[in-house]
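Trainee: I'd like to go through this one with you before I head back to the bench. Let me ask, and you reason it out.

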Amino acid sequence: MTEETTSRIPAFIREAVSEDLHTGRFTYVRTRLPPEPNGYLHIGHVKAFLIDYFTAKEFGGELYLRFDDTNPSKEETEFVEAIEDDAAWLGIKWAKVTFASDYFDLLYDWAVRLVKMGLAYVDDQTQEEMSASRGTLPKGTKWSDTESALKPGVDSPYRDRSVKENLDLLERMKNGEFEEGSRVLRAKIDMTHSNTLLRDPVMYRIMNAHHHRTGDKWHIYPMYDWSHGQNDSMEGVTHSLCSNEYIIHRPLYEWFLQQLGAFPSRQIEFSRLNLTYAMMSKRKVRKLVESGVVSGWDDPRLTTLRGLRRRGVTPEAIINFVTGIGETNNDSWVEMAQFEAIIRDDLNKRAQRRMGVLKPLKLVIDNYPEDQSEEMNAVNNPEDPSAGTRKVSFSKVLYIEQDDFREIPPPKYYRLFPGNEVRLRYAYLVRCTHIVKNDAGEIFEVHCTYDPATKGGDAPDGRKVKSTIHWVSAAHFIPAEVRLYEQLFTVERPDDGEELENILNPHSLEVLKNCYVEPALAEAQAGDKIQFERTGYFCLDPDSRPGKPVFNMTVGLRDSWTKLEKKNG
């Protein structure tokens, strides 16, 4: 057991697995990841993936990656490949890849066994009739409350069909003789049970759909609650680790395994990861993709792993976030700001520093020689001395950020304004002398003088300046496109009910076409992590072309002035 893996597993799971091995309940550890291949992985999936992976790793066991491909109408090979790629990108290693469809034949045989035991039957009721006959829980009660709080279910009129008739109908369902929705196979448990999931749950439904692996062989497909627990047992999974919403399902999984005398996998639940401003519903994310609200599953505004990867978030940051938030008995919400703080801390250690001007304003140094240029030493990463330094070209005409100049400065504004002196990063101290405006009255140029004795940014006479600003040389920059991102949603819990069009942030993406960055970025590679000094962390987007780099903002730097300016209007 290593310190690294120990710190990444909830204590109660570690204790439970240790006890199972100590008592001989199991002699080995095998966990599994059971994603549905109907979309891309998002941040909410990562917690379960990592708990399963680190648990197997800690106890010298193995992990299976098993795709729950039981709903062919929504599943595609594209999603299978993407899930494998994203999981591998996180550093997760598995012993083998399997599919629920690998066990369709055996699962059907087990269903036939239950029919022969009188524990399953074919029901001809409509879905509406079955729902009405299941009974209800009074509003505000839970399945674990006393039975006196329940409205019991009503037995189906087909519940007492003979074994022979049920076997015949099930076989004909499998062979495609009936229309979709006309019949289902149900387990025969207890229509008055306090847990409504045990009120004769559906095991198979008719679906005349083409399956991405089994083709047109099957006309019935298992429900998740029938396939999931049985697949765990068939694969010898010792510990089925899942989030709290499956607590209510555990008695059903255990009932099936007990009746069949199958390998008794143990289910252990943990709290679900809920992140503010993140959409966790794959159905809703898919709607965003298909409607064109976002550019795809890898849109950097999404918290899909593809989106986070494209935005420049590292697997280490994601793992540190998910494993560092702690474990509680109840599902809780984690602030997006907490996630961003961990991303920022991770990138601070690894990102190369570069200068980039996103909204350029021309700065002319009047007393700098017209035909002169020189190279300044710039630090690549102050957090990593081994990253070394680079040369940055300096000349008479520069570009600075529009926000770094004010003709009439507000209180506590220490950047450039008429008469004020600032430090140009890695270069000289300059003092603003005057400005030039265009015909529309907009500031077109800022003119300054520089002090030649202050090369490197320090004044020999010891005078201090209160602000340092970044720049790029007008004679040496390369043009770039920069994409700035805000939260996609205006509400903290976008999965809750409201129509998508009512909760979208119209300012979630700002594309800046005319940005200027230092020449060193001409050699940047897709995925490189960059800090534009004083602005934020960025990465090169795959849309980039030679001579036309595109940078995505990963996360901004802390900027107390921006917050103050917004507060003061």
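Mentor: A word on names, then: a helix is a DSSP run of H or I with at least four residues, a strand is a run of E with at least two, and the numbering starts from the N terminus. Bear in mind that this is a predicted model.

Trainee: Which residue with a positive phi follows H12?

Mentor: H12 covers residues 315–324. Past the helix, we're looking for a positive phi, and there's one near 85°. The residue that has it is Gly 326.

Trainee: Which residues of H12 are buried?

Mentor: Buried here means under 20% relative accessible area. The cover over the buried part of H12 includes helices H3 (43–58), H4, H11 (305–311) and H13 (336–350), along with strands E10 (273–275) and E11 (332–334). The residues tucked away in H12 are Pro 315, Ala 317, Ile 318, Ile 319, Phe 321 and Val 322.

Trainee: H4 came up there. What angle does its direction make with that of E2?

Mentor: Start with the sheet: three strands form an open one with parallel pairing, in the order E1-E2-E3. Its twist averages 30° from one strand to the next. H4, residues 77–89, packs on this sheet and touches E2 and E3. Between the directions of H4 and E2, the angle is about 155°.

Trainee: Which strands stand at the edges of that sheet?

Mentor: Look for strands with a single partner, because one side of each is then left without a neighbour in the sheet. That description fits E1 (30–33) and E3 (96–99).

Trainee: And what is the bridge partner of Arg 32 in E2?

Mentor: E1 and E2 (residues 62–67) run parallel and are joined by four bridges. Follow the bridge from Arg 32 across to E2, and you land on Tyr 64.

Trainee: Thr 304 caught my eye. Is it buried or exposed?

Mentor: Thr 304 is in the loop between H10 (282–290) and H11. The cut-off for buried is under 20% relative accessible area. Since Thr 304 comes in at 2%, it counts as buried.

Trainee: Which residue has its backbone oxygen 2.6 Å from a polar side-chain atom of Thr 304?

Mentor: Leave out the neighbours within four places in sequence, and Thr 304 is in contact with Leu 41, His 42, Val 285 and Trp 297. The backbone oxygen at 2.6 Å from that side chain belongs to one of these, Trp 297.

Trainee: Which element gives the largest share of the lining of the largest cavity?

Mentor: There are three cavities of 30 Å³ or more, and the largest has a volume of about 80 Å³. Its lining includes Asp 232, Tyr 253, Glu 254, Leu 257 and Arg 266. H8 (224–234), H9 (250–260) and E9 (266–270) each give two or more residues to it. The largest share, three residues, comes from H9.

Trainee: How many residues of E6 are buried?

Mentor: E6 is residues 202–206, and it is largely enclosed by the rest of the structure. It pairs in the antiparallel sense with E5 (residues 184–187) over three bridges, and with E7 (residues 220–222) over three bridges too. Of the five residues in E6, the number buried is four.

Trainee: In E7, what is the bridge partner of Tyr 204?

Mentor: Tyr 204 sits in E6, opposite Leu 185. Its bridge partner in E7 is Pro 222.

Trainee: Which residue in the turn between E25 and E26 has a positive phi?

Mentor: E25 (residues 529–532) pairs antiparallel with E26 over four bridges, and one of the pairs is Gln 531 with Tyr 537. The two strands make a hairpin with three residues between them. In that turn, the positive phi of about 70° belongs to Arg 534.

Trainee: And in E27, what is the bridge partner of Gly 536?

Mentor: Five of the five residues of E26 (residues 536–540) are buried, so that strand is largely enclosed by the rest of the structure. E26 also pairs antiparallel with E27 (residues 550–556) over five bridges. Across from Gly 536 in E27, the partner is Gly 556.

Trainee: Last one: which are the edge strands of the seven-strand sheet?

Mentor: That open sheet has mixed pairing and the order E21-E18-E19-E20-E14-E17-E22. Inside it, E18 (residues 421–424) and E19 (residues 429–437) run antiparallel, joined by three bridges, with Val 422 opposite Val 430. The strands that pair on one side only are E21 (468–469) and E22 (472–473).

Conventions: Residues are numbered from 1 along each chain as its sequence is written. Side-chain values use heavy atoms; hydrogens and water are left out. Two strands pair if DSSP finds at least two bridges between them. Axes are lines fitted to C-alpha atoms, for helices over the stretch in contact, and angles run from 0 to 180 degrees between N-to-C directions. Contact means heavy atoms within 4.5 Å. Buried means under 20% relative accessible area, exposed over 50%, partly exposed in between (1.4 Å probe, protein chains only). A polar contact is a pair of N or O atoms within 3.5 Å; within protein, one must be able to donate a hydrogen and the other to accept it, and residues adjacent in sequence count only if both atoms are side-chain atoms. On a 1 Å grid over the protein atoms alone, a cavity is a set of points where a 1.4 Å probe fits but cannot get out, and a pocket is an open set with protein on both sides within 12 Å along at least five of seven lines; lining residues have an atom within 4 Å of a point. Grid points are joined across faces, edges and corners, and a volume is the space filled by probe spheres set on the points.
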